[in-house]
Amino acid sequence: MDYEAFFTGHLNRLHIEGRYRVFAELERIAGAFPRARYHLDGKVRDVTVWCSNDYLAMGQHPTVIEAMQDAIGAQGSGAGGTRNISGTNTLHAALERELAALHDKPAALVFTSGYVANETTLQTLGAMLPGCELYSDASNHASMIAGIRHSGAVRKIFQHNDVAHLERLLAAADPATPKIVAFESVYSMDGDTSPIGEICDVAHRHGALTYLDEVHAVGMYGDHGGGVAEREGVLDKVDILQGTLAKAFGVVGGYIAASEATVDFVRSCGSGFIFTTSLPPAIAAASLASIRHVRSHPELRVRHQERAATLKRRLAAAGLPVMPSTTHIVPLSVDDAALCKQASDLLLERHAIYVQPINYPTVPRGTERLRLTPTPLHSDDDMTRLIAALQDVWATLGLGLRQAAE
Ligand SMILES: *Cc1c(COP(=O)(O)O)cnc(C)c1O
C-alpha cells in the first residue's frame, strides 16, 4: 500500500468539502480575557475570542493562577506516577472530596480529561456488568460513544431527548439485564438541555443505572454550580455524574461523582484510570481553587446567563440566524461547510474576531454553524463590534438574514 498517497488523498477530500481543520494559533494573555494574540505566518494580531470553552474565564483568574504557581513552587511539575504507584497526591484526594461535595455524592474520581472519564467509565461498566446494555442519546459526545463501543456491550440509541422512545426500547428488553442510560445535560453544539428527571425516572423504572455528562453545565448551573441536575433538584436521580475541570473551571482533567462502590469499582477496574500518570499536583490545586471560587460566587452564573441572553436578543434583533438555544451556548446557522469556514476567515481577517467554524463530524452535514460562547467578561461594546462584523460578513457572503426579531 502507498500509505502517503492514502493519507494525502483523504486530506484532499477534506479540503474539497471545506472541512479541513485549520487550528488558529493563539497566545493567551492572562488578565486580558477575552483578548488574545493570534499568530499566522510570523505575524501577530490582537483578536477577541468568541468561542472559548473557558466559559467563566477562570483559566485566568488570579486565585487560580496563584494556586497553581504555589503548588508548582512547593511540589514541582509532575505527579511522579500513576495513582497506584507513587502518583496519588494529597491534592488529588482533596479535589475528589470537593467534587463529591459539589455534586452531593459520597465519592468522586479524577481522570486526566473529561474524555477519558467518559470513555473509561462507560467502557469499564459496559464490559464488566454481565450482559450489559447501553442506552445512548443520539446526540451524545464522541467520548461516550467511544466508551460504549469499546465496552462491547449491546448499544441502543434513543432519539435525542425522546423519553417515550427510550421507554419503548427499555420496555422491550429483558428486565433482568443490567442497563445504563447515558446522556448529557447541556448539548454543546445546539445549546439545548435534556429532561434529566424524566429520563432518570424512566431508566429507574426499568432497572437501569443513569449516567449524566454535565461537562457543559458544571460550574454554570445550580445554586453552587453543581450543574443542571442541581438546578432541577434531581441530583439524587443521577447515579453517575460526569464532568470536566477544563471548561467552566478553566484548568484540565475530568471526573465522575457517584456512590462509594461505583467509584471504587471504576478506580479498581478502569484501564484508562489505572494505567496513566495522574494529573500534576498544580493542576489539582488550581482546580480546587477554581471550584471553591465558582461554588461560592453565584453572581458569576447570573452574569454569564445575562450575557448569553443579551447576545441572543441582539443577534435576533439584527436578523442574524441565531439557533434556539436555552443555555449559554449561542450557535448561528450557516448550514454549509465552505461558507462557514469563509465566514470564520473573514471575521478574523477583517474584524479581528475569532470564532471557529463548526463542521462535520462535530455536527451533521448541512447544519454547519458558528458557535458563540459569551462569557461574563464579554462587554456590550464587544457585542456591538461582533454584530457589526457578522452583518458585514453575512452581506459579503450573501448569507440569509431573518426578519429582525422584536
Ligand atoms: C469537551 C467534552 C468532553 C470532554 O471533556 P474534556 O475535559 O475536554 O476531555 C466530554 N463531553 C462533552 C459533552 C464535551 O463537550
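A polar contact is taken here as a pair of N or O atoms within 3.5 Å. With that cut-off in hand, this report describes the ligand site of a predicted model, and then turns to a patch on the surface.

**The ligand site**

A polar side-chain atom of H216 lies 2.4 Å from an oxygen atom of the ligand, and the protein covers 85% of the 380 Å² of accessible area that the ligand has on its own. Two further polar contacts, one to D213 and one to Y115, are set beside that of H216 in the table.

| Residue | Atom of the residue | Atom of the ligand | Distance |
|---|---|---|---|
| H216 | polar side-chain atom | oxygen | 2.4 Å |
| D213 | N or O atom in the side chain | nitrogen | 2.7 Å |
| Y115 | polar backbone atom | oxygen | 2.8 Å |

The ligand is surrounded by 14 residues, of which G114, D213, H216, T244 and K247 are the closest. By character, the residues of this shell comprise eight polar, three charged and three nonpolar ones. Helix α4, which runs over residues 114-128, makes the greatest contribution to the shell, supplying three residues.

**The surface patch**

M1, Y3, F6 and F7 together make a nonpolar surface patch of about 510 Å². One of these residues, M1, is placed in the segment that precedes α1 (3-17). Is M1 buried or exposed? Its relative accessibility is 70%, and because a residue counts as exposed when this value is over 50%, M1 falls in the exposed class.

Methods
Residues numbered from 1 in each chain as written. Predicted model: local features only at pLDDT ≥ 70, side-chain atom pairs only at ≥ 80, totals over all residues. Heavy atoms only, no water. Near = heavy atom within 4 Å. Polar contact = N/O pair within 3.5 Å; in protein donor to acceptor, adjacent residues only side chain to side chain. Areas by Shrake-Rupley, 256 points an atom, 1.4 Å probe, with all protein chains shown as cover. Helix = DSSP H or I, 4+ residues; strand = E, 2+ residues; numbered from the N terminus. Nonpolar A, V, L, I, M, F, W, Y, C, P; charged D, E, K, R; others polar. Patch = residues over 30% accessible without salt bridge, like charges linked within 9 Å, V, L, I, M, F, W, Y side chains within 5 Å. Salt bridge = Lys/Arg side-chain N within 4 Å of Asp/Glu carboxyl O. Buried < 20%, exposed > 50% of the residue type's maximum accessible area, 1.4 Å probe, protein only.
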